[in-house]
Amino acid sequence: MFLLISLLIILFTYVFYITNPNPESFRTFITRKYAKLQEEGSTSSYGAAWIKNFAAKTKAKAHGRSSSLDFTWKNYQLFSIVKLKDGSAVYLGCLNRWSLFSESGNIKASPTPVAGSSRQEEPNFSNIGQEARDDAKQALAKKKYKRAGARFQEAGEAFMKLGDELSTREAAICFEEAYNAYKHTNYEDKTLQALKDAATVFDSTKKDPNRAGKLFEKIGDYYEKTNNGKPKKTALALAFGYYKKATEIFRAADNGHFKYSLIHQAELAAQIGHYDEAIPWLEELARISVNDPTLTFKVKSFLFQACICMIALEEWSRISLAYKEYATTYGSFLNSDEYRLIDSLVEAACCFDSSQFTEAYQRYHDLAPLPNWILAILSRAATAVQFLDGNPA
């Protein structure tokens with residue numbers, strides 16, 4: 001018997017929890033209540049004082065003044081309480097329903113604007129933001145991710161309008177929460193927009209650069225992996241821009257994580273044709289990675305890509321010196337297949353031998369497939385090699 005009673009208590013608690021109504025449902029309820037009152041006329045059995053106030057505010061809307069019915073919403077998990085700010089009524093919400101709990105005929109009337117005055121009642125963005133945030137948390141607890149994302153976004157926008165430092169940071173947190181909620185939905189555009197808002201606002205506060213940098217990295221990662229309907233090169237260019245921003249933020253904050261953003265920044269620069277920019281970044285990565293146990297294995301890859309960028313620029317004199325200097329400084333590059341490939345390509349270019357050039361990179365590609373952007377550069381270079389005159393470059 002005790003077990004049965006316990007199970008019933010748990011069941012009733014769960015039912016009340018998941019059917020606890022939110023502020024939006026109250027707005028819908030009160031609107032329908034007023035419409036029904038209009039249909040039934042003044043003989044309605046529920047002609048409460050709040051209806052009159054609601055009608056007054058509706059009339060105000062018609063004259064271009066504020067029309068919101070202000071109320072405070074308190075969430076008690078199993079039920080909610082709404083108090084109208086004019087003191088006219090209190091409502092109890094549970095089981096997805098709203099009921100009049102108490103009312104007063106003494107409504108706190110708002111001053112009537114003077115005819116011709118442009119003065120309007122200012123929205124309380126602090127309350128709007130708090131209500132939206134509380135509603136979002138409740139929706140998140142019920143795994144209503146779309147609603148949670150939308151309400152967190154609304155909260156962030158409201159807090160942003162306050163303008164002070166604490167509210168701006170609260171807005172950034174809400175935007176990030178909106179992103180985390182939207183991730184569980186199919187709304188990619190809303191997910192990305194919330195992420196961009198969070199990154200931009202956190203960056204504007206200058207209080208948490210590491211958090212801002214991480215968010216910009218996520219945007220870069222999104223564009224690098226998903227073109228979002230854009231041409232591939234356009235998406236990669238956007239990814240490059242966001243990773244570059246993340247690198248700048250991490251560098252300014254003296255955060256060693258900058259090197260991981262720089263890897264994406266440099267490699268994307270090479271892929272989208274920013275060869276002059278990519279080369280020094282790739283060389284820097286080689287220098288800072290040689291003594292880093294987590295990155296030392298990538299040194300030869302960084303130097304190889306720098307050489308490919310020089311080939312793309314058709315700077316054969318430069319690469320003839322650079323790859324040998326790399327080999328002298330970095331033993332891992334000297335003993336690599338990448339070094340031997342570059343050596344073969346330089347030799348073929350010096351001989352103006354297009355066939356030898358093509359054979360060299362195709363032989364490497366058969367053993368270790370090259371990315372498409374590198375293949376495209378080498379294919380163009382093979383054609384250009386036969387037209388080199390006497391001295392490469």
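Biologist: Let's start with the cysteines: how many disulfides does the structure hold?

Modeller: The count is 0 disulfides. Keep in mind that this is a predicted model.

Biologist: What is a disulfide, anyway?

Modeller: It's a covalent bond that joins the sulfur atoms of two cysteines.

Biologist: Why is C350 not bonded to C351?

Modeller: The closest cysteine sulfur to that of C350 is the one in C351, and it is 6.6 Å away. A disulfide needs the two sulfurs within 2.5 Å, so 6.6 Å is too far for a bond. Seen from the other side, C351 is in no disulfide either, with the sulfur of C350 as its nearest cysteine sulfur.

Biologist: What makes C350 and C351 partly exposed?

Modeller: Look at their relative accessible areas: 40% for C350 and 46% for C351. Buried means under 20% and exposed means over 50%. Both values fall in between, so both cysteines get the label partly exposed.

Biologist: On to the rings. How many aromatic pairs does a search of the whole structure find?

Modeller: It finds 10. One of them is Y222 with Y223, whose ring centres are 5.5 Å apart and whose planes meet at 80°.

Biologist: Why is the pair of Y222 and Y223 called edge-to-face?

Modeller: Two checks. The centres have to lie within 6.5 Å, and the planes have to be over 60 degrees apart. With 5.5 Å and 80°, Y222 and Y223 pass both, so the pair is edge-to-face.

Biologist: How do you know whether Y222 and Y223 are buried or exposed?

Modeller: Same kind of check: Y222 has a relative accessible area of 18%, and Y223 has 3%. Buried means under 20%, so both tyrosines count as buried.

Biologist: And what makes the pair of Y323 and Y339 tilted?

Modeller: Its centres are 5.5 Å apart, and the angle between the planes is 35°. Stacked would need under 30 degrees and edge-to-face over 60. An angle of 35° fits neither, so this pair is tilted. The two tyrosines come from distant parts of the chain, 16 residues apart: Y323 is in helix α13 and Y339 in helix α15. Both Y323 and Y339 are buried.

Biologist: Which residues form the aromatic cluster that includes Y222 and Y223?

Modeller: F216, Y222, Y223 and Y242 form it.

Biologist: Let's visit the loops. What makes the phi of D254 worth pointing out?

Modeller: Phi of D254 is near 55°, which is a positive value in a residue other than glycine. D254 lies in the loop between α9 and α10.

Biologist: Why is D254 called exposed?

Modeller: D254 has 72% relative accessibility. The cut-off is over 50%, so D254 counts as exposed.

Biologist: What about E314: why is that residue called partly exposed?

Modeller: E314 sits in the loop between α12 and α13, and its phi is positive too, near 60°. Its relative accessibility is 47%. That is neither under 20% nor over 50%, so E314 counts as partly exposed.

Biologist: How do you know that K259 is buried, and what does K259 touch?

Modeller: K259 lies in helix α10. Its relative accessible area is 17%, which is under 20%, so K259 is buried. Leaving out residues up to four places away in sequence, K259 touches L285, I288, D292 and L295.

Biologist: Why does T191 count as buried?

Modeller: T191 has 12% relative accessibility, and that is under 20%, so T191 counts as buried. You'll find T191 in helix α7. With residues up to four places away left out, T191 touches Y179, Y182 and K183.

Biologist: Back to the surface: which residues form the nonpolar patch?

Modeller: M1, L4, I5, L8, I9, L11 and F12, with about 750 Å² of accessible area together. Take L4, in helix α1. Patch members need over 30% relative accessible area. L4 has 49%, so L4 passes that cut-off, and it counts as partly exposed.

Biologist: And the whole chain?

Modeller: There are 17 helices and 4 strands, and 41% of the 393 residues count as buried. The chain exposes about 21400 Å², with 53% of that supplied by carbon and sulfur atoms.

How values were computed: Residues numbered from 1 in each chain as written. Predicted model: local features only at pLDDT ≥ 70, side-chain atom pairs only at ≥ 80, totals over all residues. Heavy atoms only, no water. Buried < 20%, exposed > 50% of the residue type's maximum accessible area, 1.4 Å probe, protein only. Patch = residues over 30% accessible without salt bridge, like charges linked within 9 Å, V, L, I, M, F, W, Y side chains within 5 Å. Areas by Shrake-Rupley, 256 points an atom, 1.4 Å probe, with all protein chains shown as cover. Salt bridge = Lys/Arg side-chain N within 4 Å of Asp/Glu carboxyl O. Phe/Tyr/Trp six-rings, centres within 6.5 Å; stacked < 30°, edge-to-face > 60°. Contact = heavy atoms within 4.5 Å.
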